[in-house]
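Please look at the sequence and the model below. The report that follows describes a sheet and some helices.

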Amino acid sequence: MRVLLVEDDEMIGRSLKQALEGAGWSADWVRDGELAQSALGDGGYTCVLLDLGLPKQDGTEVLRRARERGDATPVLVLTARDGLDDRIHSLDLGADDYLLKPFEFRELLARMRAVVRRRDGAAHSLVGSGVLQLDLTTREVVVNGEREALTAREFALLHALLERPGAILSREQLENRIYGWGEEVTSNAIDVLIHGMRRKLGADSIRNVRGLGWRVAA
Ligand code: CA
């Protein structure tokens with residue numbers, strides 16, 4: 001799953017990116033509001049971590065414009081303790097949650113799971129269709145009642161497909177959801193991933209629609 005990290009503080013940004021990647025997220029880091037705006041325009045993010053005080057364009061402005069465009073990506077605002085008005089304003093503009101700096105990384109991960117879950121329309125940690133479900137907390141897939149561990153990329157791929165069961169996602173859409181900037185993506189990376197997942201989850205778990213892409217059963 002991809003997260004857009006918007007943070008102009010070098011130290012916080014670097015340590016967050018590293019920690020997020022350690023937790024299995026693919027993290028793209030931008031340091032100002034304009035870059036955040038254009039990264040969001042490209043799409044593909046599961047969630048956004050948004051600092052408010054940013055060069056070039058304020059975080060609240062980034063959020064306001066994204067929501068105006070109809071971008072519904074979950075946004076978690078990371079903010080300093082003294083900015084009560086900013087926090088209220090950002091929630092009113094459509095932020096899904098906020099976290100006060102400094103925070104514990106474990107809490108950040110839990111809140112990220114929570115905003116993603118709510119966007120998926122699930123009050124608990126399982127999302128998905130009948131036969132296939134994903135547990136956002138343990139990053140396992142539940143198939144016919146059995147739990148299977150997934151790699152970070154397998155998890156990201158299945159999460160993208162299960163957001164809209166039955167809808168076809170193209171190779172480009174899947175790559176966009178799984179890989180961050182500057183990551184090497186071989187031309188058959190998606191095929192290799194899906195081949196491995198079919199072995200784990202059954203041949204019918206992910207269907208290929210010739211020339212168009214892949215989907216899971218609705
Ligand atoms: Ca800042």
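Strand 8 (residues 140-143) pairs with strand 9 in the antiparallel sense over 4 bridges; two strands count as paired if DSSP finds at least two bridges between them. Within this part of the chain, the bridge partner of valine 143 is glutamate 146, in strand 9. Helices (H or I, at least four residues) and strands (E, at least two) are DSSP runs, numbered from the N terminus.

The model is predicted: local features need pLDDT of at least 70, side-chain atom pairs count only at pLDDT 80 or more, and totals for chains, interfaces and linings use all residues. Residues are numbered from 1 along each chain as its sequence is written, and side-chain values use heavy atoms, with hydrogens and water left out.

Strands 8 and 9 belong to an open sheet of 4 antiparallel strands in the order 6-7-8-9. Strand 6 (126-128) and strand 9 (146-149) each have a single partner strand, so one side of each is left without a neighbour in the sheet. Two helices lie across strands of this sheet, as the table shows. Angles run from 0 to 180 degrees between N-to-C directions, with axes fitted to C-alpha atoms, for helices over the stretch in contact (heavy atoms within 4.5 Å).

| Helix | Lies across | Angle |
|---|---|---|
| Helix 6 (residues 152-163) | strands 6, 7, 8 and 9 | about 125° to strand 7 |
| Helix 8 (residues 189-201) | strands 7, 8 and 9 | about 150° to strand 9 |

Elsewhere, helix 3 (residues 59-68) has the buried residues Gly59, Thr60, Val62, Leu63 and Ala66. Buried means under 20% relative accessible area, exposed over 50%, partly exposed in between (1.4 Å probe, protein chains only). Just after helix 3, glycine 70 takes a positive phi of about 90°.
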